[in-house]
Amino acid sequence: MYKILKIIHHTAGLIGSILVLLMAITGILLNHRSLIGYSSNREMKLQEFIFALHSGHVGNTSIIFLTDLGAICMIVLSISGVWMWVKLIIKKRKKKKK
């Protein structure tokens, strides 16, 4: 069971990290628009694309499922990480008592 939980934890961590990284990068770029050029029309299209990625709507396509997937991965990562940590602590305490 521990091996399966570890695989789930690592998979959720990898997928979730990529999605959270995307959200973090687009969020920083939106907060500091001078990094992507705030004044010209050409850069405005880039800003619109970055905002679309960040908000989960690119053109007529909804990619909100990706942000949901990232959130679910972070929840799974948090729960499985705490669970594995608790199991490890219990295992160490049992080993100490012997």
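1. Before we get to Phe51, a word on what a helix is here: helices are DSSP runs (H or I) of at least four residues, numbered from the N terminus. Phe51 sits in one of them, helix α2, which covers residues 41–55. Keep in mind while you look around that this is a predicted model.

2. Is Phe51 buried, exposed or partly exposed? Its relative accessible area is 47%. Buried means under 20% and exposed means over 50%, with partly exposed in between, so Phe51 counts as partly exposed. Its C-alpha is 9.0 Å from that of Leu29, although the two are 22 residues apart along the chain.

3. Now have a look at helix α1, residues 2–31. From its first C-alpha to its last, this 30-residue helix reaches 41 Å, close to the 44 Å expected at 1.5 Å a residue. Which residues of α1 are buried? They are Leu5, His9, Ala12, Gly13, Gly16, Leu19, Thr26, Gly27 and Leu30. A bit of background helps when you read that list: an α-helix has 3.6 residues a turn, so residues three or four places apart point the same way.

4. Two other α1 residues deserve a click. Ile28 belongs to helix α1 and is partly exposed, because its relative accessible area is 48%. Between Ile28 and His54 there are 10 Å in space, C-alpha to C-alpha, and 26 residues in sequence. Ile8 is also found in helix α1, and at 41% relative accessibility it counts as partly exposed.

5. Ile8 brings us to the surface. Together with Ile4, Ile72 and Val76, Ile8 forms a nonpolar patch there. How much accessible area do these residues have together? The figure is about 330 Å². Which helices supply at least two residues each? That would be α1 and α3.

6. There is a charged patch to find as well. Lys87, Lys91, Lys92, Arg93, Lys94, Lys95, Lys96, Lys97 and Lys98 form a positive patch on the surface. Take Arg93 as one of its members: you'll find Arg93 in helix α3, residues 64–97. Arg93 counts as exposed because its relative accessibility is 58%.

7. Last stop: Ile63, in the loop between β2 (61–62) and α3. Why does Ile63 count as buried? Its relative accessibility is 16%, and buried means under 20%. Along the chain, Ile63 is 10 residues from Leu53, and their C-alpha atoms are separated by 7.9 Å.

Terms used
Residues are numbered from 1 along each chain as its sequence is written. This is a predicted model: local features need pLDDT of at least 70, side-chain atom pairs count only at pLDDT 80 or more; totals for chains, interfaces and linings use all residues. Side-chain values use heavy atoms; hydrogens and water are left out. The expected span of a helix is 1.5 Å times one less than its number of residues. Buried means under 20% relative accessible area, exposed over 50%, partly exposed in between (1.4 Å probe, protein chains only). Patches are made of residues with over 30% relative accessible area and no salt bridge: like charges are joined within 9 Å, nonpolar side chains (Val, Leu, Ile, Met, Phe, Trp, Tyr) within 5 Å. Accessible areas come from the Shrake-Rupley method with a 1.4 Å probe; for residues, only the protein chains shown count as cover. A salt bridge is a side-chain nitrogen of Lys or Arg within 4 Å of a carboxyl oxygen of Asp or Glu. Lys and Arg count as positive and Asp and Glu as negative; His and the chain ends are not counted. The place of a charge is taken as NZ of Lys, CZ of Arg, CG of Asp or CD of Glu.
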